[in-house]
Amino acid sequence: MRLKLACLMLFVVGFASPLAAQEAYRTDANPDEKLPWFQTVAGQFPPEGSAHYFSGELVGVDHIRRTGVLRVSRTDAQRRSHWDLPIDFRMLPYGSVAYHGAPAALKDIPLGTHLHGWFYYKDKDEETHSIFLNRKSIEDGFNKAFRLEDDFTYYQNKKQLWLVDSVDLKEMQLYLVSQAEGEKEPTKIKLDLTSATRVYQGDKIATLEDIEPGQTVLFNLTWATLYGIGRCTDLWLDEKSRAIASAQQLEQHRLYQKDRGLAGIIEAVDNPNRVLTVTLFGGVDPQLIEDFKVSGSVHVVVAEPTLQIYDQVNDRKVGPILEKTEIDKQPGSSGVQIRVQPQMLLEGYRPGRIVRIFPMNWPVVTLPVEQSLWPERN
């Protein structure tokens with residue numbers, strides 16, 4: 001009896017310990033260097049506020065495997081000798097991307113785009129690369145990306161627009177003043193314009209000559225922090241142009257997700273009744289989740305942590321949605337959980353594994369071969 005009780009206690013402690021053991025951890029809000037950074041746990045969502053923020057420029061990407069390289073932006077915390085060093089990153093399974101104020105995939109982000117990111121520290125004993133005489137970025141080790149977004153999205157989410165104070169087309173300088181909710185003292189910045197800067201106004205492509213003082217704008221940057229704030233690659237001069245950019249990106253996102261299914265994590269498996277309990281990941285258009293309806297059927301496909309699949313047309317199993325419930329919305333989670341009864345339980349239908357799910361009104365198409373897991377490239 002004592003042995004059974006001891007085993008039960010070990011099981012309970014072992015199951016609860018991953019997050020409990022990290023109750024005290026370092027965060028951006030509590031930068032106590034004596035504390036470790038939060039470590040993500042496979043099969044679990046992280047707690048609110050546990051990710052570390054920094055920005056950088058996207059200089060390399062493998063959008064199929066959801067990995068990339070960021071050149072970290074310069075800050076006062078860095079030594080001059082450690083400026084402009086890159087870090088490799090990989091998106092967490094529940095990690096999300098946003099572009100032009102709408103959900104996105106890595107393939108939507110042009111190389112050279114300045115991004116704002118929230119990251120988690122590398123796994124224990126995981127090695128990172130060094131370059132330039134064994135130097136590493138101050139952000140080295142933060143290689144698990146939870147959230148990436150461009151300047152447009154970042155300032156839009158902060159409800160921080162920018163007012164054109166003045167523009168000097170001879171010197172190719174744009175002077176802006178921030179307009180943020182609750183801001184006591186407005187921030188003033190100067191952006192570099194170039195002959196390649198794309199300008200949008202209303203439903204038309206505009207020119208640099210259309211920039212006028214008093215306009216409320218958003219922008220995207222490249223070469224950020226190399227020579228001042230950065231070079232302006234794109235500039236939206238009014239609300240209509242910004243709404244069009246967001247709407248176009250939203251449709252791109254919807255198409256991408258419908259071709260691949262929404263991803264989620266299996267929370268539990270009821271083997272006798274062939275029932276999977278799946279929590280759908282966040283960072284997607286809520287309208288897509290509305291297509292998951294109780295009594296409606298879905299296709300369930302096994303996926304890897306990169307969200308890649310093998311052959312979604314032939315590997316899918318079909319079954320009805322038995323239940324759809326709202327749960328606590330943790331970081332990375334959509335707050336929506338469904339119970340599905342596929343016609344057969346596959347080897348990959350295990351707690352903690354990733355699946356991609358298609359409602360019956362979404363066509364399941366064959367993806368280009370290079371986007372699947374088989375055959376894998378050497």
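In the predicted model, Leu115 stands opposite Asp150, a residue of strand β6. This pairing belongs to a wider arrangement in which strand β5, spanning residues 114–120, and β6 run antiparallel to one another and are joined over 6 bridges. Strand β6 also pairs with strand β3 (residues 86–99), in this case in the parallel sense and through 5 bridges. Within that parallel pairing, Glu149 of β6 is the bridge partner of Ala98. Strand β6 itself covers residues 144–150, and because 7 of its 7 residues are buried, the strand is largely enclosed by the rest of the structure.

A second site concerns Thr197, which is found in the loop between β9 (188–192) and β10 (198–201). The relative accessibility of Thr197 is 9%, and since a residue is classed as buried when this value is under 20%, Thr197 counts as buried although it is placed in a loop. The side chain of Thr197 has polar atoms placed close to two backbone positions: the backbone nitrogen of Thr194 lies 3.0 Å from a polar atom of this side chain, and the backbone oxygen of Cys232 lies 2.7 Å from a polar atom of the side chain of Thr197. When residues up to four places away in sequence are not counted, Thr197 touches Leu208, Cys232 and Thr233. Cys232 therefore appears in both descriptions of Thr197, as the residue whose backbone oxygen forms a polar contact, for which the pair must lie within 3.5 Å, and as one of the residues touched by Thr197.

Conventions:
Residues numbered from 1 in each chain as written. Predicted model: local features only at pLDDT ≥ 70, side-chain atom pairs only at ≥ 80, totals over all residues. Heavy atoms only, no water. Buried < 20%, exposed > 50% of the residue type's maximum accessible area, 1.4 Å probe, protein only. Helix = DSSP H or I, 4+ residues; strand = E, 2+ residues; numbered from the N terminus. Pairing = 2+ DSSP bridges. Polar contact = N/O pair within 3.5 Å; in protein donor to acceptor, adjacent residues only side chain to side chain. Contact = heavy atoms within 4.5 Å.
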